[in-house]
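Biologist: I should like to examine how the descriptive terms applied to this model are justified. Please set each value against its criterion.

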Amino acid sequence: MSIFGMMRTSVSGLSAQASKLSTVGDNIANAGTVGYKKASVEFSSLVLHSHGGKYSPGGVETDIRYGISQQGALSFTSSQTDLAVSGDGFFVVTDGEGQSQLTRAGAFVLNGESELINASGFKLMGYSAANGTAQAAINGTAGLEAVSLNGLALTATSSTAGIFSANFPADGTIVAGADLPSANAATAAPTAKTSIVSYDNLGREVVLDIYASKTGAEAWEVAVFNRADATTGGTSSFPYANPALATENFAFDATTGMLDGASPDSISITLPTGGPLVLDMAQSSQLATDFEVGEIEINGNGPAGVSGIDLDDDGTLYAIYENGARVATYRIPLANVASPDMLTPTSGTLYGLSARSGDLQIGFPGEAGLGTIVTGALEQSTVDIADELTAMIEAQRSYTANSKVFQTASEILDVLNSLKR
């Protein structure tokens, strides 16, 4: 009977508007939730077959949609562990049971195990950089592990390479063989001296005394000693308790003042408890001015704690130590699917794959259409309160109108029932 059909149609309308009001309520409740994507209800008509001049009322069908692909505004914070995705892509996170999920909520903090977790307790996943540059498995999560700074509290790195450039005075006095620093005699009379700091395998500072002595018209000897072996209490450090750690002879071009093509351009120093330290001296010169040190740069560091983290544009996560050293620890990937709006939302602003979303694809920021990761920022909710309040009023009006249809059908049914009386 069409009257009952009318009632069923109005009930479907009431249910549809109730669903719309539910999404509005959820959206307003999550207006301040980081990474939240607004939900909406799309209506489509349900048409039943009509025949014999009689109309069969159908109703309305609802489809819940999520604007997951919509970019939220970025707000910057003072936390180095707050991360946001600008563009396409999701962070890969995992729960305590190893189940992977996707999220745009990047308010990560360190837990008791120095792992980065978000507000829902899910751990950020990345590729370890311990064995060199990480490579992503494009169609799966193989190789991913929870990002953890545990074990990085203290580190020490032996010095292995550096740069030392200086100008050697062209008019310097030639030093006799017995007075050269390499002879390690009390009468040593070097042309110039400087010192630099390096580190051994245990992170101990090794102060290197570098002596430069002119041995000929365009020839120089460079000798390196360990400061710890120097004689104390006198006007000279010579003689040292042990021979020079390294000695090298350099030759300069008389025309250009730069190192001769046949001359060595570096010196290899064997540290007391460390590997060889190679100092690049290719930019040194011999000009008619005083001895002057140009550039000094040596790698390695003493024991230092982690003071913060830094994320590069390519997703490489660096641990920043108190002494300024940066050590690559992980590379953070981004994941995406063909249809992000078809992902299945779950509690905690997380998303899972569905039959309609497409397969998971993993890559690194800035590659293959993926967005970039912004450090010290959070993606805000995509909810607009003004839009939601407007939608609430519309749903309320439509709900009231549908209730009037049901009320009218009920009154008509009462009239039919009263005909018997």
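The exchange below concerns a predicted model and takes up a loop residue, a helix and the nonpolar cores.

Biologist: Why is Arg104 called buried?

Modeller: Buried means under 20% relative accessible area. Arg104 has 4% relative accessibility, and therefore counts as buried. Arg104 is found in the loop between strand E6 (100-103) and strand E7 (109-110).

Biologist: What makes the pairing of Arg104 and Gln71 a polar contact?

Modeller: The cut-off for a pair of N or O atoms is 3.5 Å. The side chains of Arg104 and Gln71 are joined at 3.1 Å, so the distance criterion is met. The side chain of Arg104 also reaches the backbone oxygen of Gly89, at 2.7 Å.

Biologist: How do you know that the span of helix H2 is close to the expected one?

Modeller: Helix H2 (residues 385-418) has 34 residues, for which 50 Å is expected at 1.5 Å a residue. From the first C-alpha of H2 to the last, the span is 49 Å.

Biologist: What caps the N-terminal end of H2?

Modeller: Asp384 does, with a side-chain oxygen 2.9 Å from the backbone nitrogen of Ala386. That distance is within 3.5 Å, so it satisfies the distance limit for a polar contact.

Biologist: Which residues have the most contacts inside the largest nonpolar core?

Modeller: They are Leu208, Ile267, Ile269 and Leu279, in a core of 21 residues. Strand E14 (205-214) is one of the elements that give two or more residues to this core, and the largest share, four residues, comes from E14. A second, separate core has 19 residues, including Leu83 and Leu149.

Methods
Residues numbered from 1 in each chain as written. Predicted model: local features only at pLDDT ≥ 70, side-chain atom pairs only at ≥ 80, totals over all residues. Heavy atoms only, no water. Core = buried A, V, L, I, M, F, W, Y, C linked by side-chain atoms within 4.5 Å. Buried < 20%, exposed > 50% of the residue type's maximum accessible area, 1.4 Å probe, protein only. Expected span 1.5 Å × (residues − 1). Polar contact = N/O pair within 3.5 Å; in protein donor to acceptor, adjacent residues only side chain to side chain.
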